[in-house]
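Visitor: Please put the model on screen. I have some questions about its packing.

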Amino acid sequence: MVKEYLREIAHESIGKRVDLSYAFIFKDPETQEVLGVARNLTDLLIHLEKVDIRSLRYHVYRTATQALDGSPNVEHPRSDIALWIQYVLGDDELATKIWNLREIVDDQELREAVLKVIQERHDELKAVLTES
């Protein structure tokens, strides 16, 4: 049961790329310029390594007031990057881990923590896919 759940998440997160309309878009918080587009967990890792720290902070710390479907997001607040992971990739566990990193204030520590959490999940899901 747990394996099947992980296999489903692995397929959604790294086994395919979501449609561009569901992609995660890294933006400059001041200009709203697009800095990168992630369509799966692998893309997300690549962009997280190099995206401007202002953009990373913006997407980790900014609490979304609506879920992706437009409904109010009051009961389970999430940052917009955590919401994307939860609703588009279907990974509640990873979304919660990202949301819990919002207490980190040091820029380098934040980037390293986000990368570590996502890389660990990516490796776990990739192993599940190769077992199949």
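Visitor: This is a predicted model. Is F26 buried or exposed?
Guide: Buried means under 20% relative accessible area. F26 falls under that cut-off, so F26 is buried, with a relative accessible area of 0%.

Visitor: Which residue forms an edge-to-face aromatic pair with F26?
Guide: The whole structure holds 2 aromatic pairs. In the edge-to-face one with F26, the centres are 5.0 Å apart and the planes meet at 75 degrees. The partner is buried too, with a relative accessible area of 5%. That partner is F24.

Visitor: Ring pairs link F24, F26 and which other residue into a cluster?
Guide: F24 and F26 pair with each other. Ring pairs bring one further residue into the cluster, W84.

Visitor: Which element gives the most to the largest nonpolar core?
Guide: That core has 36 residues. Elements giving two or more residues include α1 (2-15), α2 (41-50) and α6 (107-131). With 8 residues, the top contributor is α6.

Visitor: Which residues does I118 touch, leaving out those up to four places away in sequence?
Guide: I118 is among the core members that touch the most others, along with L44, L48 and I98. Beyond four places in sequence, the residues I118 touches are L41, L44, L45, L48, L94 and I98.

Visitor: Which residue caps the N-terminal end of α3?
Guide: Buried residues of α3 include I53, L56 and V60. Their cover includes β1, β2, α2, α4 and α6. At the N-terminal end, a side-chain oxygen lies 2.7 Å from the backbone nitrogen of R54. The capping residue is D52.

Methods
Residues numbered from 1 in each chain as written. Predicted model: local features only at pLDDT ≥ 70, side-chain atom pairs only at ≥ 80, totals over all residues. Heavy atoms only, no water. Core = buried A, V, L, I, M, F, W, Y, C linked by side-chain atoms within 4.5 Å. Buried < 20%, exposed > 50% of the residue type's maximum accessible area, 1.4 Å probe, protein only. Helix = DSSP H or I, 4+ residues; strand = E, 2+ residues; numbered from the N terminus. Contact = heavy atoms within 4.5 Å. Polar contact = N/O pair within 3.5 Å; in protein donor to acceptor, adjacent residues only side chain to side chain. Phe/Tyr/Trp six-rings, centres within 6.5 Å; stacked < 30°, edge-to-face > 60°.
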